[in-house]
Amino acid sequence: MRSVEKLRRFVSGDHASDALSSLMAIAVGLFVGFLILLFSNPAQAPAGFGAVLTGGFSDMKNLGQTLYFAVPIILTGLSVAFSMKTGLFNIGASGQFVVGAYAAILVGVKCTFLPGHTHWIVALLAALAAGALWGAVPGLLKAYRNVNEVITCIMMNYVGMHLVNYLIVRTVFDPLKNQTMRVAASANLPKMGFDAIFRVGNNVSGANSGVLVALLMAVVLWVILQKTKLGYELKACGLNEKAARYAGIDAHSGIVISMMISGAMAGLGGALLYLSGSGNGISVADVLAKEGFNGIPVALLGLNHPIGVVAAGLFVSCLTVGGFNMQLYEFAPEVIEIMIAVIIYFSAFALLLQGFLRSRGHRFRAKAASGAFLDAEEAKRE
Amino acid sequence: MEFIIEMCGITKEFPGVVANDDVTLQLGKGEIHALLGENGAGKSTLMSVLFGLYRPEKGVIKIKGEPVKIQGPNDATRFGIGMVHQHFKLIHNFTALENIVLGVETTEKGMLRLDGARERIRELSDRYHLHVALDARISDVTVGMQQRVEILKMLYRENEILIFDEPTAVLTPQETEGLMETMRELAAEGKSILFITHKLNEIKAVADRCTVLRKGRCVAVVDVKDASKEDLSEMMVGRRVGLSIRKTEAKPGKVILEAEHVTVKSRTSGVALVNDVSFRVREGEIVCVAGIDGNGQSELVYALTGMSPIDAGSIRFEGRDITADSVRRRGIGGMAHIPEDRQKYGLVLDYDLACNLALQTYFTPRFCRAGFLKYKEIYRYAETLIDRFDIRGGRGAGTPVRGMSGGNQQKAIVAREIDRDPKLLIAVQPTRGLDVGAIEYIHRQIVAERERGKGVLLISLELSEVMDVSDRILALCAGRIVADVRPDEVNYRELGLYMSGSKTDIGEGDAFRGEA
């Protein structure tokens, strides 16, 4: 009986309507994406669209690839979502991501003296620390000098990218590939059987235990936000900083801690991407890491909820993998990229618009009636 | 009587609630008609219906006997209905003149021509004795003058029906008297006035008839001269309410709070907002800081509670210097605080009731172990407070505070602060925007705290509250304490003069009269 009651409450409650709004936003995104395919190649559009939708899980290898690509954007998504929950907008995930990635690779290449199974863990910890440091700078400036974190985050993205490029060339440069050197095998994340499951014959996917790390982080963040004193304080600062200060909460250090946790997540995302054993390295180019920005729509689609972010990250990654399959239907890679971007951004945009309209509606009604709602509430209680 | 507006049988329902249930309101030509009711009685809804913001399920609106359809505020304006809102709708960096003509500007070949308008406004202001400095920016003039600008705005548009929504909340006693006089003159000139309020004195002073709303229903329409204040309040609340506060003689004990030469300067202009203020609060007394809004009350409270640093002076709590202590340390030390704006400062509106009730104590061992909050205990604690303080929300401890009524939000804050068993309670405008029943409740709680031997510092803009509740009054004007008196030593008029700076009775450093 109780579970029935719970279910009924869930369906009629806020969570269900939130999840529904996300699904509707995705539907809008998919529809616009389909229009783009129709526009570029009407004959192949339905087949191509089918490929992009199902390609991400058409076989075990593709499913593995979906997991593999999901890991970094889940982490940057968590990074953005955590900052949002605490009233900040961390748009600096890109910089934190690349700084974290560099720290992990540096440890992976140089610290070969570490015993085998601790090597990769130390590398991940280094990435966490580097990301946290990169997040702390905008946090400190915001807390103590009231500098808008969006601006400092954007600047830190460029500082991070250029600094990492400079440091790579000085420390772990592979001039042949114009990228970072390969890390020692012990620094790569354990496969933990993922390579055995997610493969088709000899065609192995990139899936590895990074998926578990991402899931673990989502749970950790959820616990911090929902169960701990720290989460209670950080959320209070984010929802109403003035009330938090009245209650004696140190809003300044709250901002710094929040940005550090957020930055650490993005940094970890960088490490998980480059320690996956795929042989990829950070290439030395003046390009911001796109995973950092992809975290923003992932967080939006996931409604800033850690578990929602995992789902949204898988969805976006699924589209990416599906996009590779579309090349079979003679779509130019550019069109595919555009379509995926359109789907992601329209989904996020529809959601944003919906939230905006809803809050506008609230405010308008509140203003218009100046307390009619209170009338209603008060009347109700009698 | 000839009715200029008739709202007949208005019924407006919201999901699950009837906000207006068959309400009839008739405003006669040239009369001052009061609309009386507690918060939540349906006054706002009724006005929203009149302005076309809500479509009622039942009922008709007639203007001069003709049934009309009002689809939105523009229609209301067309029918000559104007409103002075509780929070003025003025543009602060425009002059009074520009504000008055806004929306009906006179232009010539696309250029603004205000000479004619200026002439007409001057005539109007002479006729109704509404003195306004037409070329002063709104941000530079007093609240009273801003209100006169709002009234002139209506007159300039030749509105016949003037609605005043809680117009005296921001005025000094002298300004209030002036407004009453203006309302009488306007009515004498044939304007019809609808006066929304819950202040019974003002209704008695100025209104001809009064419609009383309770729980969405129209409970009475009375001739004001035939009804006593007690009758009116009983109609409004539905039971007898003690309008005066019963309390015993104060028995002040030892000093709890001691402010000495506290000075707070503006961060931008360097002007002293709190200027060399010294006073003491003792156990078992209610000290009230009276003053017109914006004379340094907020800054004084920030300084006392630790929200912002002070530029000179010292603050002692039970003899210990706390000038440099954090908000949290002062709170743990026994200072509780009901902030001035419950929604902005007192509550996290998106947290539920339980989380808000724990906002000052969540870190104590009772609710927190090893960094994890004991939510079960927090909800259990919330349930006990909800019972004890009669806080009503739709879903108990899990009610989102945003959806609660103002009175219940305030009850939640009072419960939280009082249950901490503080030594000193600083209450800033604790009854602002509340109805008679809730005000009575809050006052009882404050007096009860005093009876328990706690010190209370009450900051209030309501003179009646100051006079009724306090044991000692400090009048604050332009950041200085200009009077330190007992309520039986002054009357409203004198206090008003102190507050407006026209009268002072103490020199520098002589702020401890009460205990000499």
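User: In the hairpin of strand 13 of chain B and strand 14 of chain B, which residue takes a positive phi?

Analyst: In this predicted model, B:G270 takes a positive phi near 80°. The hairpin has six residues between the strands.

User: What makes strand 13 and strand 14 of chain B a pair?

Analyst: Two strands pair if DSSP finds at least two bridges between them. Strand 13 (residues 255-265) and strand 14 (residues 272-282) of chain B are joined by seven bridges in the antiparallel sense, so the criterion of at least two is met. Among the bridge partners are B:L257 and B:V281, the latter in strand 14 of chain B.

User: How do you know that strand 13 of chain B also pairs with strand 16 of chain B?

Analyst: Five bridges join strand 13 to strand 16 (residues 312-317) of chain B, and the two run antiparallel; the threshold is at least two bridges, and therefore they pair. Within strand 16 of chain B, B:I315 is the bridge partner of B:A259.

User: Why is chain B called as compact as a globular protein of that length?

Analyst: The secondary structure of chain B comprises 17 helices and 24 strands. Its radius of gyration is 25 Å, close to the 24 Å that the globule rule gives for 516 residues, so chain B is as compact as a globular protein of that length. The C-alpha trace spans about 70 × 55 × 50 Å along its principal axes.

User: What percentage of the residues of chain B count as buried?

Analyst: Of the 516 residues, 56% count as buried, the cut-off being under 20% relative accessible area.

Terms used: Residues numbered from 1 in each chain as written. Chains lettered and ligands numbered in written order. Predicted model: local features only at pLDDT ≥ 70, side-chain atom pairs only at ≥ 80, totals over all residues. Heavy atoms only, no water. Helix = DSSP H or I, 4+ residues; strand = E, 2+ residues; numbered from the N terminus. Rg over C-alpha atoms; globule rule 2.2 N^0.38 Å. Buried < 20%, exposed > 50% of the residue type's maximum accessible area, 1.4 Å probe, protein only.
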